[in-house]
Amino acid sequence: MDERERKGADQRRTGKGNPRRRRPDIYAHGPSGSSSGQRRSGRTGKRSSRARRRRRNAAIRWTIFILLILAAIGGFLIWTRYGASNEKADLEQYYELDQEDEVAVVVDNEVVRDDADTSADDTEAAHAPGKIYDGQYYIEYSVVRDRINKRFYWDSNENILLYTLPEGSVSAEVGSSEYTDITEKKSADYTILKTEGSTAYIALPFIQEYTNMEYEVHKDPARVVITSDWGDIQTAEIKRDTQVRYQGGVKSPILTEVSKGSKVVVLEDENDWMKVGTEDGFIGYVRTNLLKDISTETISREFDEPVYTNISKDYTINMAWHNISNSDANGYILETIAGTKGLTTIAPTWFGLADTEGNVSSLADADYVNYAHQSDLEVWAVLRDFHGGINSYDETYEVLSYTSKRTKIINQVIAEAIEKGIDGINLDFELVSAECGEHYIQFVREMSVRCRQNGLVFSVDNYVPQPYNAHFDLAEQGAVADYVVIMGYDEHTDGSYEAGSVASISYLENGIADALKSVSADKLIAGVPFFTRLWLETPKTEEELAQEEGTEAASYSNKVTSTAYSMDEAAKIVEDAGAEAQWDAETMQNYAQWEADGGTYKIWLEDIKSLEEKLKVIKSNELAGVAEWSLGMENSGVWDLILQYVN
């Protein structure tokens, strides 16, 4: 190191030549004072500066702390609103399981609920859809009937389970493993039928024996997953492990976990969420973006469905009902059919229910049948539940709800038909309540079997389809009967609150269209009227309105009465009144009205012109035929007209 370097180093060590930087004195340019005062003032200024810095730093720290708190609260609120919940659903509650022996039932990706088929005014306790007895799984009868196989029938009065096949019925009794398959005695390795009070439970394997269905049993909780609706379904694959939630949304409870690659059935698209069904019976929601390969898949199962063979005529049916109320009327068969043309079938009203024990009254006559056959007419004798020994909904229910009474009716009618040489049975039950529906349809099945066994044509009469008569089950009738008849009249009856047509064209058109949704055209016969109603409208008095207050009748200001007349009688009434009928394009009928007897008479005429419009509708739908109510009420010219459209 040379001299200059040593000197510089010494200066750096001693500070010489490197004046120290001083903090500026706040009083450097102020008034002069003692040196100690200046030092105290300097120390005070330093403390104030440090205090301000501390306060500023504290404020900054508190601000940051508050911001962090606010951020945490905001994050919590965001998570609370948008974050996924890990809450697990109570599966016992989800499946509505109240007792250890109860089983949840899932049919075609729908969980069966206890109250699913219970009306609001039903006072009976709901029944568990499934039960476990001695390790065997059972399904409650109404669930089987309504959701799986409607041909199972439970007679709670006589404690017998029936399943009707084309050749006869399968029957099983409560608490037994033995059963009868038509005539063959068989045995199962389980009890077929269990009951709790009037509620029946059917063993799953026995249901499957006669049903095109598959089922799987799962535990925790106990549940049965049934597939019975075969055909096209929409499926998808799960992209990654996720949850199925009770409802759409991340806050909804979790029903189950599903792993990547699992297949689900897609039930409903709800934008961000899809309603799906899992293979083990959970119906819930997953995020739409977690599904891939959504596609339509056809599912099926090999099963030999029972086939009900039918008698089908190779000609168009032209049937006329013959209203016979006493045995003397049978003697007028030749006069009654003398003027007819193209008639193929005559249906005399011969059989009725005599009482609620299943006895049948009969006016059947062998000579009548012989005369009809000589005129190339088949005789389809009518069996009715009215105009006989009984005449109420309750009485019809009392008869049909007992298997022994139904059997008694059928045996008598079939025996009479064979003895008298009758060709077919025409069933005309009209006093059937919704409650009686399942018993009535079972009666139809049983009657169809016996008619088939004896070579008798079996036809069933119905009102035109309406929501309130859906329990007549046209689809099942169409499967088991040879012909289904819809009565395209009585649009307005003697019990109506207002005057109107007996059979407007739209009434028939709509009736046929609705019936064809359930019955094939080659089995459907449309009924048309040979009669007309004459209506008298009179204003209601204040007293009458007061009596009707709160009823449906109160909404009608006029009181109406009506009387049914034949075609010729109705035309004569209009002529005698000096009225002139005008064509009504809406009803496709001639309409007339006039004032007399303190009110207004109204009539929608059934005549050649209105009948032709109805026949056009029947022909255009290529139906199996036409039926007319009733012989003796027609104008003689109708037969030539019917011939143009029917034969």
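Helices α9 and α10 cross in a right-handed sense, that is, with the near helix turned clockwise from the far one by less than a right angle. This is a predicted model: local features need pLDDT of at least 70, side-chain atom pairs count only at pLDDT 80 or more, and totals for chains, interfaces and linings use all residues. Residues are numbered from 1 along each chain as its sequence is written, and side-chain values use heavy atoms, without hydrogens and water.

The two axes come within 10 Å and cross at roughly 35°. Axes are lines fitted to C-alpha atoms over the stretch in contact, with angles from 0 to 180 degrees between N-to-C directions. Helices are DSSP runs of H or I with at least four residues, and strands are runs of E with at least two.

| Helix | Residues | Contact residues |
|---|---|---|
| α9 | 403-420 | R406, I409, I410, N411, I414 |
| α10 | 437-453 | H439, Q442, F443, E446, M447, R450, C451 |

Contact means heavy atoms within 4.5 Å. By class, the α9 and α10 contact has 6 nonpolar, 3 polar and 3 charged residues. Here Ala, Val, Leu, Ile, Met, Phe, Trp, Tyr, Cys and Pro are nonpolar, Asp, Glu, Lys and Arg are charged, and the others, Gly among them, are polar.

H471 sits in the loop between β26 (457-463) and α11 (474-480). H471 is buried, at 18% relative accessible area; buried means under 20% (1.4 Å probe, protein chains only). Leaving out residues up to four places away in sequence, H471 touches V432, S433, A434, G437 and I441.

The protein has 16 helices and 34 strands. Of its 647 residues, 46% count as buried.

Technical notes: Buried means under 20% relative accessible area, exposed over 50%, partly exposed in between (1.4 Å probe, protein chains only).
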